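Visitor: I would like to take a close look at one part of this model, with the rest of the chain as background. Could you take me through it slowly?

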Amino acid sequence: MDDQTCPKCKTTKYRNPGMVLMVNACGHALCESCVELLFSKGSGACPECKCPLRRNNFRIQLFEDPAVDKEVDIRKRILKEFNKRQEDFPTLREYNDYLEEVETIIFNLVFDNDTTNTNKMIDNYKKENKDITMKNRNRQSQEEIELEELIEAEKAQQSEKANLYVNAELEEKKQKHKAREKLIDELMFSDADAKSIVASHVQATAALAKEQPKAAVQAGGPVVKSSKFSSGIQIGLRQNTSSFLPIPKQEDLPLFHYSAPVFDYDGPSPPAIAVLGKLNYCANIRAANVTERAGGYTEALSCCRALQEAMGGLFYSPQSSHKTTIVAAQETDDMETT
């Protein structure tokens, strides 16, 4: 974004890293200093499209392309009014048509296509669907509040769990420090053998290390007080146990046994793949390179496949030909009798 330039004062982001670009309602950007200078005398117009501007319509540019900021702002504004849901329509087709109409309105406003009729359409929709819009807006705000409460409860639970782990680590460090001081005191003032003192210290440390995970599991995390939202969501019923799902139990199925494929040929069978090279079938076939051989491919495979296809399509079954001859003879006799 170093090549971004204010169209009025020609200041670039590279020359002034602290420059803040602001986007107006028409989608064109100005730096913050030019915006302040533009409205120092009351009102102003866009230096690019001469569109009349207001100070409260400017916002900080978030994307590299100001057109993207314009589209995001228009989409937010339109979706506040066009907030119908699928359950507000009798059929899915009508709901899809409604979504397509909303996207058409956004497209026209972003690219300034027939803005007059589009704004009239928006005003008519506001008047005709005022009650539904307010109802969906209230329902959406209630769902957002419930979701925020759920997120806050999960954050509090995770924070308490983190504090529990931190306290456990601090307690472990304190116990290790006490054990180390105890070992030093025994080595300095005890009359016992140093090897036996060290061995007993190692055993005590190992026993302490085994007891600490059990204590942590038994203590577990704090249980959040359960509450129920109007939507029926339960909060706080989960304890700090493992969040992984149990492994699904698999059925005891029989093991797979390989059986060689059976090829039905009406005529003679093709030669085996092992003797194709000896019979000089692969003379006119491109030899496999090193990469292909590494993957298990050889020229004999393609040759065998070609022979199988040729043998499977060149011959007819004598039984089927005999049946066809009998049927044709019967038809001829019937015709002669008639």
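Visitor: What percentage of the 338 residues of the chain count as buried? And once that is settled, which residues is Leu 30 in contact with, leaving aside its neighbours within four places in sequence?

Guide: This is a predicted model, and in it 20% of the 338 residues of the chain count as buried. The chain holds nine helices and seven strands, and it exposes about 26,200 Å², of which carbon and sulfur atoms supply 55%. Among contacts between residues at least 6 apart in sequence, 50% join residues at least 24 apart.

Leu 30 lies in strand S2, which covers residues 29–31. Leu 30 has a relative accessibility of 1%, and because buried means under 20% relative accessible area, Leu 30 counts as buried. Once neighbours within four places in sequence are left aside, the residues in contact with Leu 30 are Cys 6, Pro 7, Lys 8, Val 20, Leu 21, Met 22, Val 35, Leu 38, Pro 47 and Phe 58. Leu 30 can also be placed relative to Ile 60, since the two are 30 residues apart in sequence while their C-alpha atoms are 9.6 Å apart in space.

One of these partners, Pro 7, can be followed from its own side. Pro 7 belongs to the segment before strand S1, which spans 21–23, and with 24% relative accessibility it counts as partly exposed, whereas Leu 30 counts as buried. Setting aside residues up to four places away in sequence, Pro 7 touches Ala 29, Leu 30 and Glu 48. The C-alpha atoms of Pro 7 and Cys 34 are 9.6 Å apart in space, with their positions 27 residues apart in sequence.

Ile 60 then leads from this part to the surface. Together with Leu 62, Phe 63, Val 68 and Val 72, Ile 60 forms a nonpolar surface patch with about 430 Å² of accessible area in total. Leu 62 is situated in the loop between strand S5 (59–60) and helix H2, and its relative accessible area of 65% makes it exposed, in contrast with the buried Leu 30.

Helix H2 itself, residues 66–81, contains both Arg 75 and Glu 71, which are four residues apart, about one turn of the helix. These two form a salt bridge in which the closest N and O atoms are 3.4 Å apart. Both partners count as partly exposed, Arg 75 with a relative accessible area of 27% and Glu 71 with 31%. The pair also belongs to a network of salt bridges that links Glu 71, Arg 75 and Glu 103.

Across the whole structure, a search finds seven salt bridges, and two others are useful for comparison with the one in H2. Arg 286 pairs with Glu 292, their closest N and O atoms being 3.2 Å apart; here Arg 286 is exposed at 53% relative accessibility, while Glu 292 is partly exposed at 24%. Glu 299 pairs with Arg 293 at a closest N and O separation of 3.1 Å. In that pair Glu 299 counts as buried, at 17% relative accessibility, whereas Arg 293 is partly exposed, with a relative accessible area of 42%.

Helix H5, residues 130–189, offers a further case of burial, for it includes Thr 133. Thr 133 has 4% relative accessibility and therefore counts as buried. Beyond neighbours within four places in sequence, the contacts of Thr 133 are Lys 80, Glu 81, Asn 83 and Tyr 125, and Lys 80 and Glu 81 fall within the residue range 66–81 of helix H2.

Glu 152 is also in helix H5, but it is partly exposed, with a relative accessible area of 48%. Glu 152 gathers with Glu 144, Glu 148 and Glu 149 in a patch of negative charge on the surface.

To return to the starting point, Leu 30 is a buried residue at 1% relative accessibility, and its listed contacts include Pro 7, Leu 21 and Phe 58.

Definitions and conventions:
Residues are numbered from 1 along each chain as its sequence is written. This is a predicted model: local features need pLDDT of at least 70, side-chain atom pairs count only at pLDDT 80 or more; totals for chains, interfaces and linings use all residues. Side-chain values use heavy atoms; hydrogens and water are left out. Helices (H or I, at least four residues) and strands (E, at least two) are DSSP runs, numbered from the N terminus. Buried means under 20% relative accessible area, exposed over 50%, partly exposed in between (1.4 Å probe, protein chains only). Contact means heavy atoms within 4.5 Å. Accessible areas come from the Shrake-Rupley method with a 1.4 Å probe; for residues, only the protein chains shown count as cover. A salt bridge is a side-chain nitrogen of Lys or Arg within 4 Å of a carboxyl oxygen of Asp or Glu. Patches are made of residues with over 30% relative accessible area and no salt bridge: like charges are joined within 9 Å, nonpolar side chains (Val, Leu, Ile, Met, Phe, Trp, Tyr) within 5 Å. Lys and Arg count as positive and Asp and Glu as negative; His and the chain ends are not counted. The place of a charge is taken as NZ of Lys, CZ of Arg, CG of Asp or CD of Glu.
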